[in-house]
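Notebook, structure session. I wanted to look at the fold of one chain, then at its contact with the partner chain.

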Number of protein chains: 2
Amino acid sequence: MTGASGVGKGTIRHAAIPDLGEIHYSISATTRLRREGEVDGVDYHFLDRSAFRALLERDALLEHAEYVGDYYGTPAAPVDAALSAGHDVLLEIELEGARQVREKRPEAVMLFIAPPSVAELERRLRGRGTDGEAKIQRRLERARKELRAVREFDYLIVNDSLDAAVTAFKAVVRAERLRASRLGDEAEAALLRAT
Amino acid sequence: MTGASGVGKGTIRHAAIPDLGEIHYSISATTRLRREGEVDGVDYHFLDRSAFRALLERDALLEHAEYVGDYYGTPAAPVDAALSAGHDVLLEIELEGARQVREKRPEAVMLFIAPPSVAELERRLRGRGTDGEAKIQRRLERARKELRAVREFDYLIVNDSLDAAVTAFKAVVRAERLRASRLGDEAEAALLRAT
């Protein structure tokens, strides 16, 4: 799942996941400082730069990116453990990271959450009141860049109304679970069972 | 949508469509005789063999197939009219027809509705009490043949519980409407609008 800061990714996720059964939410690693209220291992895995570099050198990240001088990345091990257990895995990552994941895991489903417009995103970011002007401008610039790449994604959800966006998100997860290409040989045999 | 007779295609469709906005259900043409209670133009377009052959000769059918001596087919004109009006179109057709549609319209989404097993389908067909033994055996043979081709389809819904199957059907339609590849240039411009 990719989308601008302020577009509602977290809100959609929290509202949708309880109805979706086994979904593992991937917690990113980052070198940025922990903010007031953030919990290590819940919001992020907070690492120092040398620990992050060690993950990179071991090729232990599914994707990584630098943003405003800090590193962000997705540790591969918990993702693979969840997939092996038969669970779906949800990554919340930006455009460059999504491209890296698609490269490494072509079967990944890419979902873009867009604001109704960049103008509306700007109103939401200002309404939040957590970012200074320079940061807002940086976020808007990144949002425009990501929106221009939206056709690289499989699905686009425009978060105009939260209810509709949550319904849409659940539909995408449910539909992807119904992909006939995922049907195992055993399940096919069960369908053909005549007694 | 493809699936064996007795698998619940019609029931799922009737339950799901009211929640799905503009969907045009395609009414097939057939040369078979109208049964008690069937209405021409609602259940089928009932045609004689020469009228059906005329459609075939004008290449006016999206797909057609012969079954137990009768012809069935999908007139292309109403489908194209609905698509031009921006509506989705639902075809309820068998395997050979689905293959022809995919050939002619590679953008078509192919959905297979399966019984939990052929054994369960047999119980349902016998429970319906509308078919004689020979017809039941013919339907089961066709069901097995279609099930072996299920991986040619995009989506598989196993109709074990009707509620779950209806939820799944709606999820597939909703998710397909969110395909980023369908985003028009105008819609993209609206997303990028900064004022």
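I began with contacts inside chain A at a separation of 6 or more: 62% of them join residues 24 or more positions apart. I kept in mind that this is a predicted model.

I then looked up the make-up of chain A and found 8 helices and 9 strands. Its radius of gyration is 18 Å, and the globule rule gives 16 Å for 195 residues; the two are close, so I noted chain A as being as compact as a globular protein of that length. I also took the extent of the C-alpha trace along its principal axes, about 70 × 40 × 30 Å. Buried residues make up 30% of the 195 in chain A.

Next I turned to the contact between the chains. Chain A puts in 31 residues and chain B puts in 31 residues. On the side of chain A that touches chain B, the elements giving two or more residues are β8, α5, α6, β9, α7 and α8 of chain A. α7(A) has the largest share, 5 residues. Sorted by class, that side of chain A holds 21 nonpolar, 3 polar and 7 charged residues.

I stayed with α7(A). Does its length fit, or not fit, what 1.5 Å a residue would give? For 16 residues the span should be 22 Å, and the end C-alpha atoms lie 23 Å apart, which agrees.

Last, I checked burial in α7(A). The buried residues include Ala165(A), Phe169(A), Lys170(A) and Arg174(A). Their cover includes α1, β7, β8 and β9 of chain A, and also β9 and α7 of chain B.

Technical notes
Residues numbered from 1 in each chain as written. Chains lettered and ligands numbered in written order. Predicted model: local features only at pLDDT ≥ 70, side-chain atom pairs only at ≥ 80, totals over all residues. Contact = placed C-beta atoms within 7 Å. Helix = DSSP H or I, 4+ residues; strand = E, 2+ residues; numbered from the N terminus. Nonpolar A, V, L, I, M, F, W, Y, C, P; charged D, E, K, R; others polar. Expected span 1.5 Å × (residues − 1). Buried ≥ 20, exposed ≤ 12 C-beta atoms within 10 Å, placed from the backbone. Rg over C-alpha atoms; globule rule 2.2 N^0.38 Å.
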